[in-house]
Amino acid sequence: MIEQLNPQQRQAVTLPDSHALVLAGAGSGKTRVLTTRMAWLMQQQQISPHRLLAVTFTNKAAREMLARLSALLPLDTRGMWVGTFHGLCNRLLRAHHRDAGLLQTFQILDVSDQLSAIKRLLKSAGITDDQYAPREVQRFINRQKEEGVRPAQVSAYDAYSRNMADLYARYQDQCEREGVVDFAELLLRAYELLKNNQAIREHYQRRFAHILVDEFQDTNNLQYLWLQLLSGGSTPIFAVGDDDQSIYAFRGANIHNMADFERDYAKGNVIRLEQNYRSHGHILDAANALISQNTGRLGKNLWTDQGAGEPIRVYESASDQLEAQWLIDEIKALVRDGHIKHEITVLYRSNAQSRVIEHALFSAGLPYKVYGGLRFFERQEIKHALAYLRLLDNPNDDTAWLRVVNFPTRGIGARTQEQLIELAQNHNCSLHEAVSYFDGRSGARLLDFVQLIQQMAHQAQVLNLPELVEYVVKHSGLKAHYQDDKDGLDRLENLQELVTAAAVFAAEEGAQTHPAGRLIEREIDYGLQDEPIPGPQTEFLLSPLAAFLSHASLEAGDNQAERGEDAIQLMTVHAAKGLEFDSVFISGLEDGLFPHENSLNERDGLEEERRLMYVALTRARKRLYITLAQSRMIHGKTRFSMRSRFLSEIPSKHLKWLSPKESSAFSNRYTMPSGATWRGQMPRHGGAQANTLANVGVEVSGKHFRVGMGVTHPKFGDGTITRLSGSGPEAQAEIHFRDVGAKTLALGIAKLDIIT
DNA sequence: GTGTCGTCCTTTTTT
DNA sequence: AGGACGACAC
């Protein structure tokens, strides 16, 4: 089992029972170490499988871990505590729902459910002006929860924060009343459950002999607290991660958790996995050089024994269109040379960049697959069906109620709904309960709806899960609605797919691991082997329906290419984390795009962008391309940019320029491209475009300014001219400065020097 | 209750 | 540019 590991990997796998931090560089065998450690603990240390807790960030990673584990040793992975933070917390809360103050069948709100709940709240709170954007409130609430802060503890120091805290409190009340829990609440509740209930806490502290954490650099503060609590300081935490690949600060990940963990727990117990088994030398050295610019790293340097390989190919084009065209030509050449399509990937910083590339791929007839986008359980028809299903367990779930009370339409319009909402507010009850107080014109229709739900709930007692889903799809009227809809075919198919998904889930639940559902029952079994789980536990088995619904919320489904399909892979750099490919194209290497200009305003934003670039570089095994465009359509406007600073942070010995290096927008030798190669967005000579043309170049006090030219300003630093207007003393230039962003300056006044 | 038009926004994303 | 959403009209 451990014979094939390198010395560092082996050391990590066979560490004694103490906290440890494994700094695992990209491609250094991180997952392998993690799973082998688990296998080693079970086999060599005789640790029972159910005394291990392994936590990951994605369901995919959890599944991968279990699959690899089963390959290492014969093992029944059912009932093992391997899953995502949210999945495991869900499990804790279902098992101890009473102590957590929840219904056993509590519903989980996903991001969009949460947003609509907040919108509803704002409306009923009478916040009519758009003073508080729902998204802003949502972000505030989630941030507080991720810090473990309840409404009463929010530090409200001004009107804004007091209002936010107030909205947070109301939102929380609303969730309580409806019996729903959002993603952050899963973690916070589970944390509080352990914190406030000594018996339960001690039970789990005793129960777990080892805690293993994957992607530790992505933990947020609450997750770290949760781990600390569960460990009680004595259960060893084996944390694996790479601070250089921390790219999720924007959603609360705290990179400092790694350093804190080392300082507080794993001091002297840090193992570095620095041998990279993925990339050739040029690629790896480039990545090392780039990331070495970051400060405060825990520090490591990847190496490979695979040889230098090929240098990174760099191509600069005049526009995003030409960049895409060049990409396609190059990809075609690769395919002609026998490269497998799904081993070729195009990465980009932001999703908007994919359109041009997709268009070019499509025109060239190359099959491609875009990662990201809508996932199965996020589709509207699926969410509608799920909303009906949610009402069966809990008709007081107002979010679900409002979603489908008039979908398909059944004559319960906005007016009726408003009246009902008001009634519910006055009686402090759910919409469902408020129906009995309703005496308006649409009362009969409301009663019909209530009856429909009751009738479905009755069927839930007699039908199995897939039958029930089918029944609901039909009797809700969803099926008929989409049958009548001329564009409803896909949606109908998806609804049919939902029935299939339910069947698969029901079948697997009996035979295989699922984070909720039958596992709770098994958990009790295991618990009884060593000691009873504290607290009154009378209902152990979660209904298949409730289990299926939590599955739908916690695992929104794949958004990956279907297996077996050989297609070029397109995705954001974020989405590429954890993946690897023979050939990688990183596109859009321009300042303002990558690093993204918005990041410059954020604390440590540039360093996070650099880590992102590091992740991008280290995806490639053998061949790596970097492309950039001097101009690009962004938000409907052509924008000119400088080369990304990241490009200059890679030593030139690793780069091979395929385009003439001096054609850069960075130089002042900007020349208008020939009209034939431009596709309409660019200013053209003559005709209606004359005005635009006049503004491409301006002469002020002997200096010739042109769009795309690099200039330097004594205060703002280096930048690129993106627009010119006026002439003589009126002449103005919009300049994108590398460090301070866009400014509009009067050319007659600003002390600008042309960079040569 | 549905369809249309105008306005706004636009980094990254999992659970 | 293009999508999402809300206001307004039929």
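## Aromatic rings

Ring pairs join F216, Y224, F261 and Y265 of chain A into a cluster. Rings of Phe, Tyr and Trp (its six-membered ring) count as a pair if their centres lie within 6.5 Å; planes under 30 degrees apart are stacked, over 60 edge-to-face, and the rest tilted. By this rule there are 19 aromatic pairs. One of them is edge-to-face: W81 and Y204, at 5.9 Å centre to centre with 65° between the planes. This pair links distant parts of the chain, with W81 in strand β3 (residues 81-84) and Y204 in helix α9 (residues 198-207), 123 residues apart. Both W81 and Y204 are buried, that is, under 20% relative accessible area (exposed is over 50%, partly exposed in between; 1.4 Å probe, protein chains only).

The ring centres of F377 and F548 are 6.2 Å apart and their planes stand at 75°, so this pair is edge-to-face. It also links distant parts of the chain: F377 lies in the loop between β11 (368-370) and α15 (380-393), F548 in helix α24 (residues 544-554), 171 residues apart. F377 has 7% relative accessibility and therefore counts as buried; F548, at 0%, counts as buried too.

## Basis of the model

This is a predicted model, in which local features need pLDDT of at least 70 and side-chain atom pairs count only at pLDDT 80 or more, while totals for chains, interfaces and linings use all residues. Residues are numbered from 1 along each chain as its sequence is written, chains are lettered from A and ligands numbered from 1 in the order in which they are written, and side-chain values use heavy atoms, leaving out hydrogens and water.

## Charges over rings

A charge sits over a ring if NZ of Lys or CZ of Arg is within 6 Å of the ring centre and within 35 degrees of the ring normal. R91 lies over the face of W81, 4.2 Å from the ring centre. The charged end of R94 is over the ring of F106, at 3.8 Å from its centre.

## DNA strand B

There are 27 residues around DNA strand B (a heavy atom within 4 Å). V111, R349, N351, T572 and E602 come nearest. Of the strand's atoms within 4 Å of the protein, 56% belong to sugar or phosphate and the rest to bases.

A phosphate oxygen of DNA strand B is 3.0 Å from an N or O atom in the side chain of R375. Another entry concerns the backbone: a polar backbone atom of I412 is 3.5 Å from a phosphate oxygen of DNA strand B.

Conventions. Helices (H or I, at least four residues) and strands (E, at least two) are DSSP runs, numbered from the N terminus. A polar contact is a pair of N or O atoms within 3.5 Å; within protein, one must be able to donate a hydrogen and the other to accept it, and residues adjacent in sequence count only if both atoms are side-chain atoms.
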